[in-house]
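Colleague: I've got the model open and a few of its labels puzzle me. Can you walk me through how they were assigned?

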Amino acid sequence: MQPSGHRLRDIEHHPLLTDNDTYDSASSEADMADRVWFIRDGCGMVCAVMTWLLVVYADFVVTFVMLLPSKDFWYSVVNGVIFNCLAVLALSSHLRTMLTDPGAVPKGNATKEYMESLQLKPGEVIYKCPKCCCIKPERAHHCSICKRCIRKMDHHCPWVNNCVGEKNQRFFVLFTMYIALSSVHALILCGLQFISCVRGQWTECSDFSPPITVILLVFLCLEGLLFFTFTAVMFGTQIHSICNDETEIERLKSEKPTWERRLRWEGMKSVFGGPPSLLWMNPFVGFRFRRLQVRARKGGPEFSV
């Protein structure tokens, strides 16, 4: 059932959709744009909740253990505003990463009509994913957790319960950056708080008892060190991948580029959109409320809200 003039490569020889099956690419793309993307993966949802709880814990310790008991009013206000702004930006970036379609290829678009609409050149080879029965665009890879082919898939991150791909990579970069910055800020505040408590002999440095204060500060230091190490490394690898126009999967597989690479600033512009500006740092750019709807989908891990 392959149209003449080009070849269809498939790892498993699944048939194309029959004439009785229907696929409307325009309605499918519109449907995907109208709903919030969410992956029902147990491990990913647990990791995402843990991320939020750890950020909330850090905010609690910074606000109620270190800043509010401080006698320096402006010290408390300035650091409180900075830390809470970083926390809000980090969690907003996390939500945008988790709830944004990473670039999923519509399922079941491997139909004769759709292939003919691609206007392929004679002898051109196209690839069909045997798992979700879709025509795989260049640089797309199938995610076994999302159960979809993702355009420019970099990796699947359980901490954001989603793949990092073409459409949500900028939010993932912002998430790692803001978590790293807030971790550094928390570590600096912890150091200053320890110095203040030691000088004051732990009498008036906190509204909590000295043992509780020490435990809270030590856990925050450990959290800050772990978060900073992980997110700083991820931020660096993401920027490197963007500047070299090469995803992590392509790097690990040592795939030779068959596409025209966008290096350095061109790669950054393609991911963050437009010339360099403060809008690059804003996770709310392009945000719009979606329609609330619930749909039953066969065989897919995502649902609409």
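Colleague: Why is R251 called partly exposed?

Modeller: Its relative accessible area is 40%. Buried needs under 20% and exposed needs over 50%, so R251 falls in between and counts as partly exposed. Bear in mind that this is a predicted model.

Colleague: What makes R251 and E248 a salt bridge?

Modeller: The N to O separation is 2.5 Å, and the cut-off is 4 Å, so the pair qualifies. Both residues sit in helix α7, three residues apart, about one turn of the helix.

Colleague: What about E266 and K269, why does that pair count as a salt bridge?

Modeller: The closest N and O atoms are 3.9 Å apart; the rule asks for within 4 Å, so the pair is counted. Here too the two residues are three apart in one helix, α8. E266 is partly exposed at 47% relative accessible area, and K269 is partly exposed at 32%.

Colleague: Which residues are joined into one network by salt bridges that share partners?

Modeller: R139, K152, D245 and E250. By this rule the count comes to five salt bridges.

Colleague: How do you know that D245 and R139 tie together distant parts of the sequence?

Modeller: The closest N and O atoms of D245 and R139 are 3.0 Å apart, which makes a salt bridge. D245 lies in the loop between α6 and α7, and R139 in the loop between β3 and β4, so the pair links parts that are 106 residues apart in sequence.

Colleague: Are D245 and R139 buried or exposed?

Modeller: D245 is at 7% relative accessibility and R139 at 12%. The limit for buried is under 20%, so D245 counts as buried, and so does R139.

Colleague: And T247, what makes that one buried?

Modeller: A relative accessible area of 5%, set against the limit of under 20%. T247 lies in the loop between α6 and α7. Beyond its sequence neighbours up to four places away, T247 touches R139, K152, M153 and D154. T247 and K152 are 95 residues apart in sequence, yet 6.7 Å apart in space, C-alpha to C-alpha.

Colleague: How do you know that C197 and C205 form a disulfide?

Modeller: S to S is 2.2 Å, and the cut-off is within 2.5 Å, so they are joined. The torsion about the S-S bond is about 100°, so the disulfide is right-handed. Both C197 and C205 are buried.

Colleague: Why is C149 in no disulfide?

Modeller: The nearest cysteine sulfur, that of C129, is 3.5 Å away. The rule needs within 2.5 Å, so C149 is left out. C149 is buried, at 0% relative accessible area. The structure holds one disulfide.

Colleague: How do you know that E223 has no salt bridge?

Modeller: The nearest side chain of opposite charge, R96, is 22 Å away, and the cut-off is 4 Å, so E223 goes without. E223 is buried all the same. E223 sits in helix α6, and outside its neighbours within four places in sequence it is in contact with L54, V55, Y57 and A58.

Colleague: Where is the predictor's confidence low?

Modeller: The chain averages a pLDDT of 81, and 82% of the residues score at least 70. Over residues 292–305, though, the pLDDT is below 50.

Key
Residues are numbered from 1 along each chain as its sequence is written. This is a predicted model: local features need pLDDT of at least 70, side-chain atom pairs count only at pLDDT 80 or more; totals for chains, interfaces and linings use all residues. Side-chain values use heavy atoms; hydrogens and water are left out. pLDDT is the predictor's confidence in each residue, from 0 to 100. Contact means heavy atoms within 4.5 Å. Helices (H or I, at least four residues) and strands (E, at least two) are DSSP runs, numbered from the N terminus. Buried means under 20% relative accessible area, exposed over 50%, partly exposed in between (1.4 Å probe, protein chains only). Lys and Arg count as positive and Asp and Glu as negative; His and the chain ends are not counted.
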